[in-house]
Structures are given as C-alpha cells and as structure tokens.
Amino acid sequence: MPASPFEPLADDAFLSWARHLGDRLLLGLGETSEENDLLRFLARVYVNNGEIPSELVAPMVQKRRITLARCYMGHFIGQARKDTGLRIEEAMSSSPPDDLEPTGLTQVGNSSIQGLQRPEVAYETAEAVQDYIMARYATVWPVCRTHNLGYHPLLANGTPAWECSVGAHRTAMLVDDPCATLGRH
C-alpha cells in the first residue's frame with residue numbers, strides 16, 4: 001500500500017514549528033488553514049529544510065515579501081501610468097532583518113510594507129503606491145469614474161479593493177492577481 005503524501009498543515013510538529021516562528025518573527029500567522037498563503041509558504045520551507053531556526057527563515061520571509069511587494073508595485077504603477085499618462089518611477093527599498101524588524105524592512109515610496117500574506121501585501125502596496133503618487137506627482141490615483149474623486153484602498157474579508165468615499169461603492173483592486181504564483185518558494 002502506497003504511503004500517504006505528507007500534509008504539513010495537518011502535522012503537529014510542523015504547526016508547532018510554525019507557531020514558534022510566528023512568535024519569534026512576529027509573523028501574525030492567523031488561521032492555520034489552506035487559504036493562509038504564508039502558512040503554505042512555511043510548509044514548503046519545512047518540507048524542503050526541516051525545522052530550521054528562525055534566523056534562517058527570516059531572510060526567506062523577507063525575500064518573499066520583497067518579491068510580492070515588487071510585483072504588486074509594478075502592477076499598480078503600471079495601472080497608474082496607463083490611467084494618468086505620467087511617467088511614474090518605481091520606488092522600493094529594503095533593509096535586512098534585525099532585532100527591531102525580525103523579517104526586515106520593505107518600503108514602497110515612504111511607506112512600510114509589513115504584511116506577510118498576499119492580500120495584505122497587495123493592499124499595503126496599493127496604499128503605498130497611491131501615497132507615493134500623491135506625494136511625488138501631486139496626482140490623485142485611482143479615481144472613481146462615477147464621482148471623479150479618489151478611491152481609497154480597503155481590505156474587506158481578506159480581499160483588497162478600492163472604495164469610493166462618496167458613493168460607498170467598491171471595485172476590485174485585482175481582477176486577476178498578477179502575483180498569484182510568486183512568493184511560493
């Protein structure tokens with residue numbers, strides 16, 4: 001009889017290791033469900049490396065955040081270029097993990113990207129790009145076509161969206177997530 005495939009999300013040793021990492025690295029793991037893309041990422045790290053210490057996992061988590069933020073930044077700046085006609089430059093920086101920032105610091109414009117799960121990174125990056133465009137180019141983006149006013153980013157039920165402050169209506173921030181396959185390794 002063939003062996004069952006290893007399922008880290010159902011394994012007590014993996015979950016204990018992940019919780020320990022969460023505490024040490026301030027990961028805010030949240031639900032331990034299949035929908036948690038950070039937990040799925042940690043499961044792949046675990047399967048490939050075993051119970052490695054937090055100081056070795058921290059740069060992997062930072063690299064994942066940088067990869068996702070860079071992808072979302074490119075996506076949102078691309079949309080803003082198309083919508084505004086401006087030649088908007090990309091602005092991203094990072095610093096390595098340390099005692100104050102256990103998974104490093106990632107910034108888009110002057111805004112820190114602290115989320116670790118894909119929806120949080122998308123939402124925070126959209127807000128950072130919006131702030132950067134306003135500060136650097138004195139331009140409101142994106143704009144509600146109905147009310148001709150700026151949208152505001154929102155994370156509603158784990159889904160990033162744009163919300164109009166006047167009409168209180170929402171539009172999808174990501175129709176097709178351009179970064180859905182990134183940050184898995």
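In strand β6, R170 is the bridge partner of E163. That pair is a good place to enter this predicted model. E163 belongs to β5, where it also stands opposite H152. Follow these residues outward and a sheet appears.

The sheet is open and has three strands, in the order β4-β5-β6, with antiparallel pairing. Its edge strands are β4 (151-156) and β6 (170-172), each pairing on one side only. Neighbouring strands here are turned against each other by 40 degrees on average, direction ignored. β4 and β5 are joined by six bridges. β5 (residues 159-164) and β6 share three bridges. Between β4 and β5 the chain makes a hairpin, with two residues separating the strands. One residue in that turn, N157, has a positive phi of about 55 degrees. As for the side chains, in a regular strand they alternate between the two faces of the sheet.

A helix lies against this sheet. Helix α4 (residues 118-137) lies across β4 and β5. The angle between α4 and β4 is about 165 degrees.

Now turn to the other sheet. It is also open, with three strands in the order β1-β2-β3 and antiparallel pairing. β1 (92-95) and β3 (111-112) are the edge strands, and each pairs on one side only. Strand β2 (residues 105-108) is joined to β3 by two bridges. Within that pairing, Q107 has S112 in β3 as its bridge partner. A helix lies across this sheet as well: α3 crosses β1 and β2. α3 runs at about 175 degrees to β1.

Next, go back towards the N terminus, to helix α1. How far apart are the end C-alpha atoms of α1? They are 20 Å apart. That agrees with the expected span, because the 14 residues of α1 (residues 12-25), at 1.5 Å a residue, should span 20 Å.

Which residues of α1 are buried? They are F14, L15, W17, A18, L21, G22 and L25. These residues cover an arc of only 160 degrees around the axis, so they sit on the same side of α1. The spacing follows a general rule: an α-helix has 3.6 residues a turn, so residues three or four places apart point the same way. On the other side of α1, D12 and D23 are exposed. The cover over the buried residues includes α2 (37-49) and α3 (54-84). So α3 appears twice in this tour: it helps to cover α1, and it lies across β1 and β2.

Both ends of α1 have something to show. At the N-terminal end, D11 acts as a cap. One of its side-chain oxygens lies 3.2 Å from the backbone nitrogen of A13. After α1 comes L26, whose phi is positive, near 55 degrees.

The loop between α1 and α2 holds N36. Is N36 buried or exposed? N36 is buried, because its relative accessible area is 3%, and the cut-off for buried is under 20%. What do its polar atoms meet? A polar atom of the N36 side chain lies 2.5 Å from the backbone oxygen of L29. The N36 side chain also reaches the backbone nitrogen of L38, at 3.1 Å. Beyond its neighbours within four places in sequence, N36 is in contact with L29, G30, E31 and Q117. L29 therefore turns up both as a contact of N36 and, through its backbone oxygen, opposite a polar atom of the N36 side chain.

Key: Residues are numbered from 1 along each chain as its sequence is written. This is a predicted model: local features need pLDDT of at least 70, side-chain atom pairs count only at pLDDT 80 or more; totals for chains, interfaces and linings use all residues. Side-chain values use heavy atoms; hydrogens and water are left out. Helices (H or I, at least four residues) and strands (E, at least two) are DSSP runs, numbered from the N terminus. The expected span of a helix is 1.5 Å times one less than its number of residues. Buried means under 20% relative accessible area, exposed over 50%, partly exposed in between (1.4 Å probe, protein chains only). The arc is that of the directions from the helix axis to the C-beta atoms. Contact means heavy atoms within 4.5 Å. A polar contact is a pair of N or O atoms within 3.5 Å; within protein, one must be able to donate a hydrogen and the other to accept it, and residues adjacent in sequence count only if both atoms are side-chain atoms. Two strands pair if DSSP finds at least two bridges between them. Axes are lines fitted to C-alpha atoms, for helices over the stretch in contact, and angles run from 0 to 180 degrees between N-to-C directions.
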